[in-house]
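Subject: Structure for your review

Dear colleague,

Please find the structure below, together with its sequence. A summary of what was found in it follows.

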Amino acid sequence: MSKKIVSMNVNGKKVEEAVESRTLLVHFLREKMNLTGAHIGCETSHCGACTVDIDGESVKSCTCFAVQCEGSEVLTVEGLAQGGVLHAVQEGFYQEHGLQCGFCTPGMLVRAYRFLKDNPNPTEDEIRVGMSGNLCRCTGYQNIVKAVQYAAKKLREDAHKPVTA
Amino acid sequence: MNAPDRKAALQGMGDSRLRKEDARFIQGKGNYVDDIKLPGMVHMDIVRSPLAHARIKKINKEKALAIPGVIAVLTADDLKPLKLHWMPTLAGDVAAVLADEKVHFQMQEVAVVLADDRYIAADGVEAVEVEYEELPVVIDPFKALEKDAPVLREDLAGKTEGAHGQRYHHNHIFTWDAGDKEATDAAFKSAPVTVSEKLLYPRVHPCPLETCGAVASFDPVRGELTTYMTSQAPHVVRTVVSMLSGIPESKVRIVSPDIGGGFGNKVGVYPGYVCAIVSSIVLGRPVKWIEDRIENLSSTAFARDYHMTGELAATADGKILGLRTHVIADHGAFDACADPTKFPAGLFHICSGSYDIPAAHCTVEGVYTNKAPGGVAYRCSFRVTEAVYLIERMVDVLAQKLNMDKAEIRKKNFIRKEQFPYTSAFGFEYDSGDYHTALDKVLDAVDYKALRAEQAAKRADPNCPTLMGIGLVTFTEVVGAGPTKMCDILGVGMFDSCEIRVHPTGSAIARMGTITQGQGHQTTYAQIIATELGIPSEVIQVEEGDTSTAPYGLGTYGSRSTPVAGAAIAMAARKIHAKAKKLAAHLLEVGENDLEWEIDRFKVKGNAEKFKTMSEIAWAAYNKPPAGMEPGLEAVHYYDPPNFTFPFGIYLCVVDIDKGTGETKIRRFYALDDCGTRINPMIIEGQIHGGLTEGFAVAMGQLLSFDAQGNIQGNTLMDYFLPTAVETPHWETDFTVTPSPHHPIGAKGVAESPHVGSIPTFTAAMVDAFAHLGVTHLEMPHTAYRIWKELKAHGLTH
C-alpha cells in the first residue's frame, strides 16, 4: 500500500510522517510517535482507552485514521503536564485513588480534561454521563468521579488566583 | 520528632497513603506488553476456526506467503517435529496449541502468520485458506454425557483414566467429591424439611481492559529466551517453557511488566504465547503477539459454567442439618482450568459457607463440550464464587420455604465466634471469624427493620409501580492458596517469597514472587516493610515480575498475595530486624535484652537518649559489623502457609424493579468486609468498589452464550456487558477486623471478596422482590428483558 505524508501538531510539536491511508491514529501515535499512553482495549470503539483530544474534542483514536488528522491539533496524555507540573486532572486521579491497573487512565485523563473545559462545574450525574465513553474494570468509577470533582475544584480555584506580575 | 510523628512519617501499615505506582500511569509512562518494541521485531496474528467442531482437510498457505511482508505461516504440522502442537494444561489435560487435524471450538487457533507489521499480519490471516469438514456440535453438557453423543476428544480415545481418576464416558473428564456421603444421605433421609433448587452459574469472562499478549525474544547468539508476557504467574511459566522447549531454566527469562488487569484471565498459558516463543526461536528475531478483544472473549479462559443442584436438610425451625450438591462443570474443549493440581473443582467445598452444618457432601463432574477451554478463577479463588452462590441461594430458598426472615435464619446457623478455629464438614479449618457482630453492624447501618416494613407496605399496595427486593449475603471465602502439602501448580508447591535488601544509606529494595495487576503491591508491600523495619515506605522500592531477579513465587490470583507473599515479606523483614538488633546492641555496647524497639529505632530500656535508628544500623552493617557477623543487611524468606485464610463479609442490597419494564434500580448496596489486618484502607476500598462493579456486571448482564451450531454470541463489547460510570451503582463500604491468628501480620486478603459476595447478593435481592409471589430463584443475568418476562408470567405487566 502506498504512503501519504501527513502533518499535524502533536502535544504542541509539529510532526510530519509517511503513513498508509489505513493506519489508525492510535497506531500512528503509539508506534510512529512512540507515545504509548493511549491504549487499545477493544476493536469496536467501546472502551475509550485510546481517547485523545483533537481540535478541541475528545476522539477515540482507534476510530480515526492518521490521515484524517492532517493539520489538526492533537493532545495525548503525554501532553497534559506542562513544564513538569501535572495537570489538575492528573493530580486529582492521584489524590483520589482514581486508578489501579492504569490501563484506562490515559483515556480517562484526556477525556476528563476536555469534559471539564466544556463543563467546569459539573454535578456527579453529569460527570458519570460525561465519562461514560471510558470503561474501567478496576475502580468501579466511584473514585474516578471524586478525581474529576477534585480537578474541577482545583481548576476553578486556579482560574480565580490573582495573576502575578 | 515525637513518636506519633515518626510513625506517620513511615507511612506504614494502616496508612491510607497515596500510591507509589501512580506517577507513571498518570503520565502515560506505563510499560505494558504492547508498549514494548525490540529491534527487528515482527508481528504474529492467528488464523482461527469459524466452526465449533470440524476436521481440517487442507490448509493452503500460498496466497498468504505471497503477500509482501509476510515472513512465515505455521500450522500444527510445523510444530509437530518439536512436539509442541499439543501442550499440557494446568488441570492435567492436554490442549492443542495449533489445531491438529480437527478443531474443537469456534475461534480455536489453526495457524499463525508472521509479518513485518500488524497490518500485514492481519492481511496474511485473511489470505490463509482452510478447508473444513463439519462435525456434529455439542453445546449442552448434559447432552454431551448421553450415550450416543458425538466424540469430541478423539485424542483421548480409549483413555478411561484421566488426571483425576476414572472417566466413564468419552466426553466425561472427572468426577470429584468431598465430604461424607453416608452421613449426609442419612441426614436428608431423616430431616423434617428438605429443599432443592437448580442453580446455573452461567459462562462469563473476566475481560480485563488489556488483552493478552507476549513479546518473545530468542537470542540465538546467547541461546537465551526472554519473553515479556501478560502473566499472573511468571515463574511457573518459566518452568513450563523450559520443560517444553528444552532450554535450561537459567536461560529463560519471563517478564511480566505492567499488566492492565488480570482477574484470572492471565494465569493460563495460551497458544498465542507458545507460538510467539516458537516463532522467535525459529526466526531468531523478537515476535510480538497481541490479541484483540473478540479473540480474548472467544478463546481465552472463561469463568463459571457450573450447572449446580443444591439441597438443604433442616429442622422445622430452620436449623440446617445437611448440605448436598451435585455439579455438572462445563470445561469446554480442553480442561485448562487453573486450579491446584489436587483440586479439579478448585475450592468448591467451601460451599458450607458461614454456617455450622454437621453433614455435607458435594460431587462435581467435569464435561467436554465444543466451547473454548477453561475455566478459570475470575476473581474468586478457585470456584469460591460458585460455592458461595450455591450456599447463599440455598439458605434463602430454605428461609422462604419456612417463611423465616433471611437474616434470622443466618444468625441461627452461623458458626459462632467461640467455635473458631472451626473445622467444617468438608475439612477446612476456618482460622477466625465473628459473623454475628458483622451482621448486626450491617442490619443497624441500613435499618433493616424499616426496609422490611417498607417492603411489606409496598407489597400491600397494588398501585405501587415497583417491586422492592432486599438481598442479604453473609459469605466466607477461602483464599491464600496454599499449604504445599495440599496445593501445587503442576507440581510446584504454592508457597511464596520475598527478598529484602537494605542499602547503606537506609533505603531498601524488595522483590517478591507475586505480580500486581492493579492491586497496588508497590505501595502495600512497602507499607508492610516500613512498619517491620522502621524505614519510610516512600524509599522502599518494590519489584515483581522479572523471573531473573525476583525469588520464585506462584504469582497473583486467588487473593493469595497478602496471605502468602505478605507473610513472606514480614518474615524476611523480621530476619533483618533480628540482625539489626544485634548490630544495635553492638553499637550501643549493651546486651540485646537491654533494647526495645520503638517505631524506627532500638532504644536502651530506661535510657531514651541512647538509641540507634534503622538508618544508622544500615550504615554500620556495611562498615562496622561485629566480629563473626557478615556485612550487609538483607534476607530472603520462602513462606509455606500453614493454612488458607478465610475473609468474610456481609453484603446487603436494595433493589426497586419497575413493574412495567423490568428495569432494576440498585437503590443501595452496603458492603461490610472483614479481611483481618488492613494494610491500606484507601486501596482496600478501591478494590471493593471494583469488585462490586464486576459483580454487578456478572449478575445483571454478562453472558457468553452459544447457539446450536456452537457460534459464540456476545463476544464483543457491543454485547458483553461492561458497565460504564452511568449504570454503576454507588457503593457503601464498611469493615470489621478479625485478624487471622496464623498469619504473621494477621491479614487475610480482600480483593476477591467483593466479586464473590456481591453476585449472589444481587440475585438474592431480585428473587426477594418476587418472593411473595412464590418465586424461589431467578437465573442470572437479571437483564430487564428476563425480568420483564417474569413480571409478565405473574400478570404484573403486559
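Helix axes are lines fitted to C-alpha atoms over the stretch in contact, and the angle between two axes runs from 0 to 180 degrees between N-to-C directions. Please note also that this is a predicted model.

Helix packing in chain B

Two packed helices are described by the angle between their axes and the distance between the axes. In chain B, the axes of helix α11 (residues 384-401) and helix α12 (residues 406-413) cross at roughly 115 degrees and come within 9 Å. Because angles from 65 to 115 degrees count as roughly perpendicular, α11(B) is roughly perpendicular to α12(B). The crossing of α11(B) past α12(B) is right-handed. On the α11(B) side, the contact is made by Val395(B), Asp396(B), Leu398(B) and Ala399(B); on the α12(B) side, Lys406(B), Ile409(B) and Arg410(B) take part. By class, these residues divide into 4 nonpolar and 3 charged, with no polar residue.

Backbone geometry in chain B

Most residues other than glycine have a negative phi, and most peptide bonds are trans. Four places in chain B deserve attention against that background.

The loop between β21 (374-376) and α11 of chain B contains Arg383(B). Arg383(B) is not a glycine, yet its phi is positive, at about 70 degrees. With 30 other C-beta atoms within 10 Å, Arg383(B) is buried, the cut-off for a buried residue being 20 or more.

Beyond α12, the loop that leads to β22 (422-423) of chain B holds Pro421(B). The peptide bond between Phe420(B) and Pro421(B) is cis, with an omega of about -5 degrees.

Glu589(B) lies in the loop between α16 (561-588) and β30 (595-598) of chain B. Its phi is near 55 degrees, again a positive value in a residue other than glycine. Glu589(B) has 9 other C-beta atoms within 10 Å and is exposed, the cut-off for an exposed residue being 12 or fewer. The two residues with positive phi therefore fall into opposite classes: Arg383(B) is buried, whereas Glu589(B) is exposed.

Another cis peptide bond runs from Met780(B) to Pro781(B), with omega near -5 degrees. Pro781(B) sits in the loop between α19 (753-770) and α20 (784-793) of chain B.

Chain B as a whole

Chain B contains 20 helices and 38 strands. Its radius of gyration is 28 Å, close to the 28 Å that the globule rule gives for 798 residues, so chain B is as compact as a globular protein of that length. Along the principal axes, its C-alpha atoms fill a box of roughly 85 × 75 × 50 Å. Buried residues account for 58% of the 798 residues of chain B. Of the contacts in chain B with a separation of 6 or more, 79% are between residues 24 or more positions apart.

Chain A

Chain A has 5 helices and 5 strands, which follow one another along the sequence as β-β-α-β-β-β-α-α-α-α. Its radius of gyration is 16 Å, in agreement with the value near 15 Å for a compact globule of 165 residues. The C-alpha trace of chain A spans about 50 × 45 × 25 Å along its principal axes. Of the 165 residues in chain A, 56% are buried. Among contacts in chain A between residues at least 6 apart in sequence, 61% join residues at least 24 apart.

Chain A also offers a helix pair. The axes of α2(A) and α5(A) come within 8 Å and cross at roughly 135 degrees; the two helices are therefore oblique to each other. Their crossing is right-handed. From α2(A), the residues Ala88(A), Val89(A), Glu91(A), Gly92(A), Phe93(A) and Gln95(A) meet Ala147(A), Val148(A), Tyr150(A), Ala151(A), Lys154(A) and Leu155(A) of α5(A). This contact has 8 nonpolar, 2 polar and 2 charged residues.

The interface

Where do the two chains meet? In total, 44 residues of chain A are in contact with 43 residues of chain B. On the side of chain A that touches chain B, at least two residues each come from α2 (88-95), α3 (105-118), α4 (124-130) and α5 (142-159). By class, that side of chain A has 21 nonpolar, 18 polar and 5 charged residues.

With kind regards

Definitions and conventions: Residues are numbered from 1 along each chain as its sequence is written. Chains are lettered from A and ligands numbered from 1 in the order in which they are written. This is a predicted model: local features need pLDDT of at least 70, side-chain atom pairs count only at pLDDT 80 or more; totals for chains, interfaces and linings use all residues. Two residues are in contact if their C-beta atoms, placed from the backbone, lie within 7 Å. Ala, Val, Leu, Ile, Met, Phe, Trp, Tyr, Cys and Pro count as nonpolar, Asp, Glu, Lys and Arg as charged, and the others, Gly among them, as polar. The radius of gyration is taken over C-alpha atoms; the globule rule is 2.2 Å times the number of residues to the power 0.38. Angles under 35 degrees count as roughly parallel, over 145 as roughly antiparallel, 65 to 115 as roughly perpendicular and the rest as oblique. A crossing is left-handed if the near helix is turned anticlockwise from the far one by less than a right angle, and right-handed if clockwise.
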